[in-house]
Amino acid sequence: MSARNILVINCGSSSIKFALVNEAQETFILSGLAERLGSPEAVLHWQQGEHKDSLVLSGADHRLALSHLLPIVQQAAAGALHGIGHRVVHGGEYFSSATRLDAVSLQAIRQVAPLAPLHNPANLQGIEAAMKLFPDLVQVAVFDTAFHQSLPEHAYRYAVPEALYREHGVRRYGFHGTSHRYVSQQAAQMAGLPADASSWLVAHLGNGCSTCAVENGHSLDTSMGLTPLEGLVMGTRSGDVDPNLHSHLARTLGWSLEQIDAMLNKDSGLLGLSGLSNDMRTLEQAREQGHAGASLAIEVFCYRLAKSLAAMSCALRRLDGLIFTGGIGENSALIRSRTLDHLSLLGLKLDAQANARCVRGVAGAIHAEGHTRVLVVPTNEERQIALDTLALLD
Ligand code: ADP
């Protein structure tokens, strides 16, 4: 049988990211983005090998954008498309692994939408459009939360009244599961250890950031919670704050829930601390030039990350290594080094040259000799979603 092709789709409220993945190739056959959907500026961009192209789609919605994408995908796949894998943010307690999409699984995804009101409805729009456009293809949902369904109850419960959990699903779910799973498997391979008999701390640092403790292929704890706001400092998200901040701001400033929500999700994190940018590259440059806000944002980011990793180590009985991934984790030698400065008690120390070498997609070990393993592992959520889709085809 020749190598199969899977289209991976990640629908946001006004965008569709996509990649055409061939099971035998590391690089994507085709990848791209439809953005500003629903507006006059809607546009589809794609890249196939060195060739880049775009198509103006004024006013197009998700379905129209997908219908324009279809012939481009068919041509790139030479007519051989074997399935579609959809990224879905929230699977609640229904899904601990990927699932084939049918009436029953779609209903379950709809039911957990209140837990991810921004994300799941957008994911559903893409799924419904794709199911209408490609009725004969197997379609699969891969959930950001699924990998963390193995958390023990003492890690996923909040210390709030039980009825909130039992009746309203208030618990910690965790996100970025596809990435944590992918990079911990890759790390085991790189270290020559079996994935089902090795223990890892993972720092996924992109625009959203989370840590995870993985033992024998299972997530045992993670820093994000009921929503992706909990835990680390992120691009524009605050991460952990005193939960009483809400009532404090309402009482003292008269802020509404919507204002507080927007402040914590969109105006905080690196952007809020620095007063400059949510982008780590910009902050590193500004720090070089003596920008105090940028320096502070970087220090808080690294300290909070180190604190979270130390906390995650409570979940593990052994540590085979720490993994850095995501745009920041894969590229920023500075962030890796400042973070590890706080973690010498865990026996972690970097080799400065190896740390400097592992950027722009270069994977490798960056720990100093005789110290616990630290690895830079580029994530590839699209590939993992394609592999999960293929596994359900078989
Ligand atoms: P997303 O979560 O949207 O997938 P990415 O994983 O691409 O995001 O990560 C985006 C972050 O990675 C941004 O903060 C960006 O500045 C940072 N980043 C990318 N390249 C570098 C670099 N060379 N040095 C420092 N940070 C980088």
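This presentation goes through the domains, the ligand shell and four individual residues of one predicted model.

Allow me to begin with the conventions. Residues are numbered from 1 along each chain as its sequence is written, and side-chain values use heavy atoms, with hydrogens and water left out. As the model is predicted, local features need pLDDT of at least 70 and side-chain atom pairs count only at pLDDT 80 or more, while totals for chains, interfaces and linings use all residues.

I turn first to the overall layout. The domain assignment, with bounds from an automatic or database source, divides the chain into domain 1 (5-143) and domain 2 (193-381). Between the C-alpha centres of domain 1 and domain 2 there are 28 Å.

Next, the ligand. Its surroundings comprise 13 residues, of which Asn207, Asp279, Met280, Arg281 and Gly327 come nearest; a residue is near if one of its heavy atoms lies within 4 Å of the molecule. Which helix gives the largest share of the shell around the ligand? That is α12, with four residues. Both α10 (280-288) and α12 (326-331) supply at least two residues of the shell. Helices here are DSSP runs of H or I with at least four residues, strands are runs of E with at least two, and both are numbered from the N terminus.

By residue class, the shell holds two nonpolar, eight polar and three charged residues. In this scheme Ala, Val, Leu, Ile, Met, Phe, Trp, Tyr, Cys and Pro are nonpolar, Asp, Glu, Lys and Arg are charged, and the others, Gly among them, are polar.

Three backbone approaches to the ligand deserve mention. A polar backbone atom of Met280 is 3.0 Å from a ligand oxygen. For Gly327, a backbone N or O atom lies 2.9 Å from an oxygen atom of the ligand, and for Ile328 the corresponding distance is 3.3 Å. The ligand taken alone exposes 580 Å², and the protein buries 70% of that; these areas come from the Shrake-Rupley method with a 1.4 Å probe.

I now come to two residues in strands. Thr325 lies in strand β12 (residues 321-325). Is Thr325 buried or exposed? Thr325 is buried because its relative accessible area is 0%, where buried means under 20%, exposed over 50% and partly exposed in between, with a 1.4 Å probe and protein chains only. The side chain of Thr325 reaches the backbone nitrogen of Thr379 at 3.1 Å. Beyond its neighbours within four places in sequence, Thr325 has contacts (heavy atoms within 4.5 Å) that include Ser179, His204, Glu330 and Thr379.

Ala19, in strand β2 (residues 16-22), has 1% relative accessibility and therefore counts as buried. Its C-alpha atom is separated by 5.7 Å from that of Leu30, eleven residues apart along the chain. Not counting residues up to four places away in sequence, Ala19 touches Ile6, Leu7, Val8, Phe28, Leu30, Ser31 and Glu382.

Finally, the backbone angles. Most residues other than glycine have a negative phi. Arg36, however, has a positive phi of about 55° and sits in the loop between β3 (30-35) and β4 (43-48). Asn216 likewise has a positive phi, near 50°, and is found in the loop between β10 (209-215) and β11 (218-222). Arg36 is partly exposed, with a relative accessible area of 43%; Asn216 is also partly exposed, at 29%.

Terms used. Polar contact = N/O pair within 3.5 Å; in protein donor to acceptor, adjacent residues only side chain to side chain.
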